[in-house]
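Student: I have a structure to go through and I'm new to it. Can we take it piece by piece?
Tutor: Yes, go ahead and ask.
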Amino acid sequence: MVLLSLLILGALVKGHLALTSSDCGIANYRRPAYTDISVYCGTESIKLAIQVCPVIYTGYNESLLILNKLANDPLCRGTLDATASPPVVRFSFPLRQLDACGSIFRTTSAPGTGIFSDFSNIQTVNISGVVRSFDPTVGTVTYNAELSYYYSCAYPLEYLINNTQVDVSSSSIAVIDNNGSFISTLSMQLFKDVNYTTPLVIPAIGVELRTRIYVQVIAANLTSQYHVLLDRCYASISALPTNSTFFNLFVPCSQDQFTTVTENGNSQKARFSFPAFRFIEQQNLTIATYYLHCITRLCETSTCAQFKQCSTRRRRDIQTTTIKDGVSDTTLITSGPIRTKAETPLATKDEAVSSAQKDSGNGASVGLGIALAVLVIVGTVAALMAVSFYRKLRMLR
């Protein structure tokens with residue numbers, strides 16, 4: 001076993017120009033410290049950077065740093081970056097559970113807080129491992145201390161995404177990964193057809209009330225071990241739902257009677273539709289505006305089913321009210337508004353004046369016609385009475 005390991009490590013070192021103490025300089029050639037490793041928690045991979053000069057000081061080189069005991073996997077080996085200051089050994093591996101260079105995946109649950117306070121089970125996946133030194137010394141004793149560099153990335157699996165841009169094909173954004181987040185893989189898109197093929201473009205005058213709007217939330221470039229599950233989707237008058245009137249399209253175990261959920265928690269996309277509406281407080285406006293938001297959970301494929309069960313989560317009643325919880329601790333994807341137009345648009349001022357003048361003229365014409373008709377009738381009656389009086393007068397003579 002020892003001979004095999006030495007052969008493997010010999011192959012790693014062969015043909016490789018390692019750094020020496022003279023390449024490090026006085027400041028970097030020192031004892032190892034806890035700060036010698038930096039961890040980048042990306043959406044598709046985890047990247048490690050370990051300062052190599054303290055490794056050389058301890059008696060090793062970059063080829064003797066082994067990630068999770070996988071010395072014979074070339075994809076899991078470190079790469080020397082001598083251009084960095086100070087020089088580092090870099091490791092990079094994907095976030096696929098079956099291909100993450102021996103990393104350990106652990107999913108934990110805890111009650112939600114802040115904007116997620118209505119959810120009793122918020123999951124976080126922790127991905128961890130260790131880079132250890134391998135001592136090639138053959139003999140009874142060694143003078144080299146063992147080096148261990150632990151890494152850990154925690155990814156929350158619940159996000160609030162907002163789609164307010166409906167005049168383009170997608171509202172997906174790219175962000176710099178920070179503290180381990182999958183939010184940049186999520187996007188929301190609106191469509192006008194049941195097949196989700198034609199993007200919906202909201203005209204400047206708004207869409208007609210009761211127009212069916214089809215919504216898709218999708219995860220792109222995300223490891224296949226997670227599915228998209230919409231926990232709650234709602235509309236609010238304000239782009240930022242804090243302190244704004246809102247209406248729930250659906251929440252766990254309950255949905256508005258006009259909302260249809262066609263796919264949720266079964267793949268890396270979720271779909272639902274609803275008819276365009278307007279808030280009562282905007283009923284006097286020609287164009288009503290509101291914004292769409294979804295609280296989105298990334299659930300492991302084996303656990304999505306349990307989050308669909310009503311008994312595992314608390315419900316929020318469907319109602320129109322005001323949100324009290326802040327969203328300062330969440331990442332928002334924000335773009336343009338959803339607009340609906342009134343059933344009968346209000347006339348402009350000129351049209352209203354013209355219409356009033358026309359109605360006034362029509363009224364005057366009708367009044368004049370009635371007056372003439374009355375005069376004709378009165379004149380006819382008077383003439384008949386005069387003829388009758390004249391005949392009686394002649395008979396008396």
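Student: What does Ile50 stand opposite in strand 5?
Tutor: Ile50 stands opposite Val89 there. A strand here is a DSSP run of type E of at least two residues, a helix is a run of H or I of at least four residues, and both are numbered from the N terminus.
Student: How many bridges join strand 2 to strand 5?
Tutor: Strand 2 (residues 45–51) and strand 5 (residues 88–94) are joined by 7 bridges and run antiparallel. Two strands count as paired if DSSP finds at least two bridges between them.
Student: Where do these coordinates come from, and how are residues numbered?
Tutor: This is a predicted model, in which local features need pLDDT of at least 70 and side-chain atom pairs count only at pLDDT 80 or more, while totals for chains, interfaces and linings use all residues. Residues are numbered from 1 along each chain as its sequence is written, and side-chain values use heavy atoms, with hydrogens and water left out.
Student: Back to the sheet. What is the order of its 4 strands?
Tutor: The order is 1-2-5-4, in an open sheet with antiparallel pairing. Strand 1 (37–41) and strand 4 (79–81) are at the edges with a single partner strand each, so one side of each has no neighbour in the sheet.
Student: What does the twist average from one strand to the next?
Tutor: The average is 25°. Axes are lines fitted to C-alpha atoms (for helices, over the stretch in contact), and angles run from 0 to 180 degrees between N-to-C directions.
Student: What holds paired strands together in general?
Tutor: Strands of a sheet pair through backbone hydrogen bonds, either parallel or antiparallel.
Student: New topic. How many disulfides are in the whole structure?
Tutor: A search finds 5 disulfides, a disulfide being a pair of cysteine sulfur atoms within 2.5 Å. One of them joins Cys24 to Cys53, with 2.2 Å from S to S. Cys24 is in helix 2 (residues 21–24) and Cys53 in helix 3 (residues 53–58), so to speak of distant parts of the chain is fair: they are 29 residues apart.
Student: Left-handed or right-handed, that link of Cys24 and Cys53?
Tutor: Left-handed, with -95° about the S-S bond. Both Cys24 and Cys53 are buried, where buried means under 20% relative accessible area, exposed over 50%, and partly exposed in between (1.4 Å probe, protein chains only).
Student: What about Cys41, which cysteine does that one form a disulfide with?
Tutor: Cys41 is linked to Cys153, with the sulfur atoms 2.0 Å apart. Cys41 lies in strand 1 and Cys153 in strand 8 (residues 148–156), so this pair ties together parts 112 residues apart in sequence. The link of Cys41 and Cys153 is left-handed, at -85° about the S-S bond. Cys41 is buried at 12% relative accessible area, and Cys153 is buried at 0%.
Student: And Cys299 with Cys304, left-handed or right-handed?
Tutor: Right-handed, with 95° about the S-S bond. The sulfur atoms of Cys299 and Cys304 are 1.9 Å apart. Cys299 is buried at 0% relative accessibility, and Cys304 is buried at 3%.
Student: Which strands are the edge strands in the sheet 10-11-16-15?
Tutor: They are strand 10 (186–191) and strand 15 (260–263), each pairing on one side only. That sheet is open, with antiparallel pairing, and the twist averages 20° from one strand to the next.
Student: How many bridges between strand 10 and strand 11?
Tutor: Strand 10 pairs with strand 11 (residues 212–219) over 6 bridges, in the antiparallel sense. Leu186 stands opposite Ala219 in strand 11.
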